[in-house]
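Visitor: Hi! I have a chain open on my screen and would love some help reading it. Could we go through it together?

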Amino acid sequence: MMKKEQDELIQAEKIRAEIKELEIKGKKLCKKNGHSKIFYSFWGYIHCARCGEQIGDKLGSIFPEADKMIGVECNDSPCEICDPLIKKLNPFDKKMLELHKSLNKLGYAI
Ligand SMILES: [Zn+2]
Ligand SMILES: [Zn+2]
């Protein structure tokens, strides 16, 4: 493995660990207020990017609010759907979105 790849892998692991740690607090927030507007997909399943819980299924089309949500994988810049929504996010969700995006940028997913 090249030095650069190794560094990126280490960095990705750090970000993953930070996400997992924040998800503990995120779970409490979601339980209280409902799931966030940020999501990531994993094998066709949609997960809340604040708590990590599965909230939908792309294959079964169980994803009613897709046009009102911010995908962490979205790279359209500026994006018509995401940009106005990002402005409304609370600091916690913004932080989670940033973490997921940096992970994706490294070429890794959660
Ligand atoms: Zn949630
Ligand atoms: Zn977008």
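Visitor: Let me start with a detail. Which residue in β3 is the bridge partner of Ile 46?
Guide: That is Gly 56. Keep in mind that we are looking at a predicted model.

Visitor: Thanks. How do β2 and β3 run, parallel or antiparallel?
Guide: Antiparallel, with 3 bridges joining β2 to β3.

Visitor: And what is the strand order in the sheet?
Guide: The order is β3-β2-β1-β4, in an open sheet of 4 strands with mixed pairing.

Visitor: Why is one side of β3 and of β4 left without a neighbour in the sheet?
Guide: Because β3 (54–57) and β4 (70–71) stand at the edges, and each has a single partner strand.

Visitor: You said mixed. Which strand runs parallel to β1?
Guide: That would be β4, joined to β1 by 2 bridges. Within this pair, Phe 39 has Gly 71 of β4 as its bridge partner. On the other hand, β1 pairs with β2 in the antiparallel sense, over 4 bridges. There, Tyr 40 is matched with His 47 of β2.

Visitor: How many residues lie between the strands in the hairpin of β1 and β2?
Guide: There are 2, and in this hairpin Trp 43 takes a positive phi near 50 degrees.

Visitor: Let's zoom out. How many helices and strands are there in the chain?
Guide: You have 3 helices and 4 strands. Reading from the N terminus, they come as α-β-β-β-β-α-α.

Visitor: What about the inside? Which residues touch the most other members of the largest nonpolar core?
Guide: Ile 38, Phe 39, Ala 49 and Leu 97 do, in a core of 17 residues. Two or more residues each come from α1 (3–33), β1 (38–42), β2 (45–48) and α3 (91–105). As a general point, nonpolar side chains in soluble globular proteins tend to be buried together.

Visitor: Ala 49 caught my eye. What does Ala 49 touch?
Guide: Leaving aside residues up to four places away in sequence, Ala 49 touches Ser 36, Ile 38, Phe 39, Tyr 40, Val 72, Met 96, Leu 97 and His 100.

Visitor: Nice. What share of the chain is buried?
Guide: Buried residues are 25% of the 110. As for contacts with a separation of 6 or more, 50% are between residues 24 or more positions apart.

Visitor: Last one: what does the radius of gyration say?
Guide: The chain has 14 Å, which agrees with the value near 13 Å for a compact globule of 110 residues. Its C-alpha trace spans about 45 × 30 × 30 Å along the principal axes.

How values were computed: Residues are numbered from 1 along each chain as its sequence is written. Chains are lettered from A and ligands numbered from 1 in the order in which they are written. This is a predicted model: local features need pLDDT of at least 70, side-chain atom pairs count only at pLDDT 80 or more; totals for chains, interfaces and linings use all residues. A nonpolar core is a set of buried Ala, Val, Leu, Ile, Met, Phe, Trp, Tyr and Cys residues joined through C-beta atoms within 7 Å. A residue is buried if 20 or more other C-beta atoms lie within 10 Å of its own, exposed if 12 or fewer, and partly exposed in between; C-beta atoms are placed from the backbone. Two residues are in contact if their C-beta atoms, placed from the backbone, lie within 7 Å. The radius of gyration is taken over C-alpha atoms; the globule rule is 2.2 Å times the number of residues to the power 0.38. Two strands pair if DSSP finds at least two bridges between them.
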